[in-house]
Amino acid sequence: MDRTRALQAVLTDVTAACGPTLRVLSGAAERRAYETDALTAHRVLPGLVLLPARREQVAPIVRACLEHGVPYVARGAGTGLSGGALPAESGVVISLARLNRILEVDPDRRTAVVEPGATNLSISAAAGRYDLYYAPDPSSQVVCTIGGNVAENSGGAHCLKYGFTSHHVLAVEAVLPDGTVAVLGSDDITAPCYDAPGYDLRGVFVGAEGTCGVATRVAVRLLRRPEAVRTLVADFPDVASACDTVSAVIAAGIVPAAIEMMDNLAIRACEDAVHAGYDRTAAAALIIELDGPAPECEELFEQVSALCSAHRCTRLRIAADEAERAAIWAGRKAAFAAMGRLSPDFLLQDGVVPRTRLAEALTEIGRLSAAAGLRVANVFHAGDGNLHPLVLYRAAAGEGPAAEQLAAAIAELCVALGGSLSGEHGIGVDKACSMPKMFTPADLTAMDRLRAAFDPSGLCNPGKVFPTPALCGEARGGAYQPHPLEETGKIQRW
């Protein structure tokens with residue numbers, strides 16, 4: 001069956017199964033809005049966009065795609081930065097934006113059950129009446145959805161102390177690629193276990209970048225709001241001093257809720273955009289936040305302040321109240337959007353390096369930037385070494401290929417320094433070609449076998465994570481050994 005006929009067959013089946021509440025977008029202009037996520041350098045026009053109104057409508061969609069051999073990708077708000085929600089050519093996008101309800105908040109269990117289209121921040125808003133909150137806080141938390149957070153195992157500024165999405169998701173109800181519905185991590189998603197027995201299939205699903213199924217409900221852990229919070233901004237005359245301070249704080253046995261870092265280019269962009277009170281002349285700035293019991297918080301805050309001063313801090317700004325704290329964080333969380341003041345286009349990387357090699361990494365990024373003739377702004381989660389270098393370029397001037405090469409070089413630099421290709425944004429299509437820099441062919445084959453156990457048809461978000469000659473060319477992608485079943489035809493690649 002050709003692709004046009006296959007899509008029409010899918011549409012016929014899902015319309016019959018789901019009824020008029022299923023929203024269908026088939027016009028070219030309507031589909032164009034779904035051709036990319038926040039990694040706008042990659043675009044593919046989907047063949048069909050389906051927006052279920054109820055989670056029960058997702059399984060018939062997946063079954064229809066499987067029946068007619070049509071690839072599909074689940075999509076939330078499209079804020080992902082690795083191309084993880086990039087459609088397959090002539091494939092189906094399953095938009096979960098309408099499945100956005102907070103289904104239950106249980107203050108006694110300190111859990112919430114939400115639909116995948118619920119925004120990250122809406123969970124804390126619903127839990128706030130019980131003095132609870134949801135800890136993972138990506139910078140896009142106002143708009144990013146929990147389904148996307150689950151797919152990419154998102155973190156955020158406070159992941160240093162509180163961990164990533166995987167530490168806070170207790171169970172996931174998912175439509176598996178064979179069209180069945182399963183709860184991973186618990187027998188009952190409305191009463192999730194904190195440590196379920198058996199294989200950790202929940203752990204496999206979280207961070208699998210949407211390649212193992214489509215989440216339809218998510219049970220998350222909630223935390224009690226801390227008694228006290230103290231926040232400061234420390235300015236430094238050079239990047240190395242700021243990096244040394246990060247290492248010194250952790251070496252002292254102090255685990256802040258967050259340690260964020262910005263270089264001068266990022267500081268100026270954020271200050272111009274938000275007017276958060278940053279010093280535009282500082283070479284680097286750290287935002288450090290501590291929380292917990294009030295006496296402990298105050299004592300640790302004094303130690304952190306002293307460590308900053310001991311490492312050449314030129315200005316120490318302490319948030320006097322909640323309004324000033326909010327302004328400080330508003331500047332940091334506006335960083336990516338603020339880059340529009342510096343450049344019409346940018347690529348955002350997401351590598352990780354050991355904290356002790358932060359200064360070395362930033363120095364080498366500066367060298368790579370100068371060699372490429374492109375500016376790089378750095379704003380990142382310094383506490384856990386999760387870099388977010390922003391490669392600034394002008395697509396209209398033909399700088400796109402050079403920017404992609406520079407971004408790939410930075411990601412691979414992180415691996416060379418003993419780190420990782422990604423801390424929270426995922427591999428997607430953006431870093432798939434760099435996977436052989438971190439993993440052996442045997443490693444990649446083992447990963448693909450795990451993926452094939454969930455999705456032997458190869459239709460669930462295909463073309464992501466793994467390097468292939470079609471995506472990367474023979475030189476970079478050819479070292480990857482596909483799953484043996486692919487050669488027999490039992491795994492179909494669209």
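Trainee: What does H13 lie across, and at what angle does H13 run to E17?

Mentor: Good place to start, and keep in mind that this is a predicted model. H13 lies across strand E13 (258–263), E17 and E18. The angle between H13 and E17 is about 155°.

Trainee: Which sheet do those strands belong to, and what makes E15 and E16 its edge strands?

Mentor: They sit in an open sheet of seven strands, ordered E15-E12-E14-E13-E17-E18-E16, with antiparallel pairing. Strand E15 (315–318) and strand E16 (345–348) are the edges, since each pairs on one side only. Neighbouring strands in this sheet are turned by 15° against each other on average, direction ignored.

Trainee: How do you know that E17 and E18 count as paired?

Mentor: The cut-off is at least two bridges between the strands. E17 (residues 376–381) and E18 (residues 389–393) are joined by three bridges, in the antiparallel sense. Valine 376, for example, has valine 391 in E18 as its bridge partner.

Trainee: Why are H8 and H13 called roughly antiparallel?

Mentor: Helix H8 (residues 239–251) packs with helix H13 (residues 358–372) at an angle of about 150°, and their axes are 8 Å apart. Angles over 145 degrees count as roughly antiparallel, and therefore H8 and H13 get that label. Their crossing is right-handed.

Trainee: Which residues meet there, and what classes do they belong to?

Mentor: From H8 come Val239, Ala240, Cys243 and Val246, and they meet Leu358, Ala359 and Leu362 of H13. By class, this contact has seven nonpolar residues, with no polar and no charged ones.

Trainee: Why is H13 also called roughly antiparallel to H14?

Mentor: The axes of H13 and helix H14 (residues 400–416) come within 10 Å and cross at roughly 160°. Set against the cut-off of over 145 degrees, that makes H13 roughly antiparallel to H14. This crossing is right-handed.

Trainee: What makes up the contact between H13 and H14?

Mentor: H13 gives Ala361, Glu364, Ile365, Leu368, Ser369 and Ala372, while H14 gives Leu406, Ala409, Ile410 and Leu413. The contact has eight nonpolar residues, one polar and one charged. Aspartate, glutamate, lysine and arginine are the charged class, so Glu364 is the charged residue in that list.

Trainee: Let's turn to H3. What makes helix H3 mostly covered?

Mentor: A residue is buried when its relative accessible area is under 20%. In helix H3 (residues 58–68), eight of the eleven residues are buried. They are Val58, Ala59, Pro60, Ile61, Val62, Ala64, Cys65 and His68. Glycine 69 follows H3 and has a positive phi, near 70°.

Trainee: Where does H3 lie?

Mentor: H3 lies across E2, E3 and E4, running at about 170° to E4. These strands belong to an open sheet of four, in the order E1-E2-E4-E3, with mixed pairing. Its edge strands are strand E1 (23–25) and strand E3 (72–75). Neighbouring strands are turned by 20° against each other on average, direction ignored. Helix H1 (residues 3–18) also packs on the sheet, touching E1, E2 and strand E4 (92–95), and its direction makes about 15° with that of E2.

Trainee: How do you know that E1 and E2 pair?

Mentor: Again, at least two bridges are needed, and E1 and strand E2 (residues 48–51) have three, in the antiparallel sense. Valine 24 stands opposite leucine 50 in E2.

Trainee: Which side chains of E9 point to the buried face?

Mentor: Along strand E9 (residues 181–184) the side chains alternate: Ala182 and Leu184 point to one face and are buried, while Val181 and Val183 point to the other and are not. E9 runs antiparallel to strand E8 (residues 169–175), joined by four bridges. In their hairpin, with five residues between the strands, glycine 179 takes a positive phi near 90°.

Trainee: Finally, why is threonine 314 called exposed?

Mentor: Its relative accessible area is 53%, and exposed means over 50%, so threonine 314 qualifies. Threonine 314 lies in the loop between helix H10 (294–310) and E15. Leaving out residues up to four places away in sequence, threonine 314 touches Asp235, Phe236 and Pro237.

Terms used: Residues are numbered from 1 along each chain as its sequence is written. This is a predicted model: local features need pLDDT of at least 70, side-chain atom pairs count only at pLDDT 80 or more; totals for chains, interfaces and linings use all residues. Side-chain values use heavy atoms; hydrogens and water are left out. Axes are lines fitted to C-alpha atoms, for helices over the stretch in contact, and angles run from 0 to 180 degrees between N-to-C directions. Helices (H or I, at least four residues) and strands (E, at least two) are DSSP runs, numbered from the N terminus. Angles under 35 degrees count as roughly parallel, over 145 as roughly antiparallel, 65 to 115 as roughly perpendicular and the rest as oblique. A crossing is left-handed if the near helix is turned anticlockwise from the far one by less than a right angle, and right-handed if clockwise. Contact means heavy atoms within 4.5 Å. Buried means under 20% relative accessible area, exposed over 50%, partly exposed in between (1.4 Å probe, protein chains only).
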